[in-house]
Amino acid sequence: MKSTSTFLVLVLSWAVLAAFADEEIMDMHMEEGMTEVEPDADEPETITTPSGIMYQDFEVGKGAQPVPGKKVTVHYVGRLQDGKIFDSTMESGPFSFVIGKGQVIKGWDEGLMSMRVGGHRRMWIPSHLAYGKDGAGTVIPPDSDLTFEVELVDVQTPKKEPTNIFMFGSAAFVAVAIVFLAFRAFTATPEPVAPKKSKKRR
């Protein structure tokens, strides 16, 4: 009987300590500014594209939207199927590339095209739109589906080439000169040819 009472006391003591510890952890999170996520909190809608990419928009941007040929700048975290991070720009700084030109995996060219600057998206990219059967060295195994969290930082608007006034003026001058010379040649009156004097016979 005594051993049973002792066991109950230990169990109750452990429960009290665990509750106190949970409260302390929660207070610490609140002090650090972390937001408590409710178990039944609604997640953003998951959209699946015809190619098989799935994505969730945690924040829809209001800035410029990428189009093929524009230079885009992003922050991202890339994960394998087991959740292991294989690449991130959090320490190296943002990454820039020209979208729609094959400089990145196909899943990125497609998945980022519908974002806007300021947007934050999570994308699930199937292996055939990532590194496929070859994988990527020892970092990404073959046939790996990848998960990316991407923030679109900037879309660079193509710069218009300034008009070269000097070249335009030179071309115009040459054209006018050719027309003028052709006109002169067409309208010029031929100079009379002096008759040859015949030699007198002695």
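This chain folds into three helices and seven strands. Keep in mind that the model is predicted. Reading from the N terminus, the elements come in the order α-β-β-β-β-β-α-β-β-α. There are 202 residues in the chain, and 22% of them count as buried. Among the contacts with a separation of 6 or more, 62% link residues 24 or more positions apart.

**How the strands pair up**

- Strand β1 covers residues 47–48 and runs antiparallel to β2, with two bridges between them. Across this pair, I47 sits opposite Y55 in β2.
- β1 and β2 make a hairpin with five residues in between, and G52 in that turn has a positive phi of about 110°.
- β2 also pairs with β6, again antiparallel, this time over five bridges. Two of the matched pairs are E59 with H120 and Y55 with M123.
- Y55 thus turns up twice, as the residue opposite I47 and as the bridge partner of M123 in β6.
- On to β6 and β7: six bridges hold this antiparallel pair, and M123 faces F148 in β7. M123 is also the β6 partner of Y55.
- β3 and β4 (residues 85–88) are joined by three bridges and run antiparallel. Here R79 stands across from I85 in β4.
- The β3–β4 connection is a hairpin too, with five residues between the strands; G83 in the turn has a positive phi of about 90°.

**The two faces of β6**

- In a regular strand, side chains alternate between the two faces of the sheet.
- β6 shows this alternation: R121, M123 and I125 point to one face and are buried. H120, R122 and W124 point to the other face and are not buried.

**The nonpolar core**

- Nonpolar side chains tend to be buried together in soluble globular proteins.
- The largest nonpolar core here has 24 residues, and the members touching the most others are W108, L112, M123, I125, F148 and V150.
- β3, β6 (120–125) and β7 (146–156) are the elements that give two or more residues to this core. β7 gives the largest share, with five residues.
- What does W108 touch, once residues up to four places away in sequence are set aside? The list is V74, Y76, F95, F97, M123, I125, F148 and V150.

**V74, a buried spot in β3**

- V74 belongs to strand β3, which spans residues 71–79.
- Is V74 buried or exposed? Its relative accessible area is 0%, and under 20% counts as buried, so V74 is buried.
- Beyond its neighbours within four places in sequence, V74 contacts T89, P94, F95, W108, L112, V150, E151, L152 and V153.
- V74 and D154 are 80 residues apart in sequence, yet their C-alpha atoms are 7.0 Å apart in space.

**The largest pocket**

- Rolling a probe the size of a water molecule over the atoms shows where empty space is left.
- The largest pocket has a volume of about 190 Å³.
- Its lining is made up of Y76, F86, D87, F95, Q103, V104, I105, W108, Y131, I140 and F148. By class, that gives nine nonpolar residues, one polar and one charged.
- W108 and F148 are on the pocket's lining, and both are also among the core residues that touch the most other members.

**Two loop residues to look at**

- P68 is in the loop between β2 (54–59) and β3. Its relative accessible area is 58%, and over 50% counts as exposed, so P68 is exposed.
- Leaving out residues up to four places away in sequence, P68 touches I99, G100 and M113. P68 also lies 7.0 Å from K101, C-alpha to C-alpha, with 33 residues separating them in sequence.
- D143 sits in the loop between β6 and β7. With a relative accessible area of 46%, D143 is partly exposed.
- Most residues other than glycine have a negative phi. D143 has a positive phi, near 55°, and is not a glycine.

Methods
Residues numbered from 1 in each chain as written. Predicted model: local features only at pLDDT ≥ 70, side-chain atom pairs only at ≥ 80, totals over all residues. Heavy atoms only, no water. Helix = DSSP H or I, 4+ residues; strand = E, 2+ residues; numbered from the N terminus. Buried < 20%, exposed > 50% of the residue type's maximum accessible area, 1.4 Å probe, protein only. Contact = heavy atoms within 4.5 Å. Core = buried A, V, L, I, M, F, W, Y, C linked by side-chain atoms within 4.5 Å. 1 Å grid on protein atoms, 1.4 Å probe; cavity = no way out; pocket = protein on both sides within 12 Å on 5 of 7 lines; lining within 4 Å. Points joined across faces, edges and corners; volume = space filled by probe spheres on them. Nonpolar A, V, L, I, M, F, W, Y, C, P; charged D, E, K, R; others polar. Pairing = 2+ DSSP bridges.
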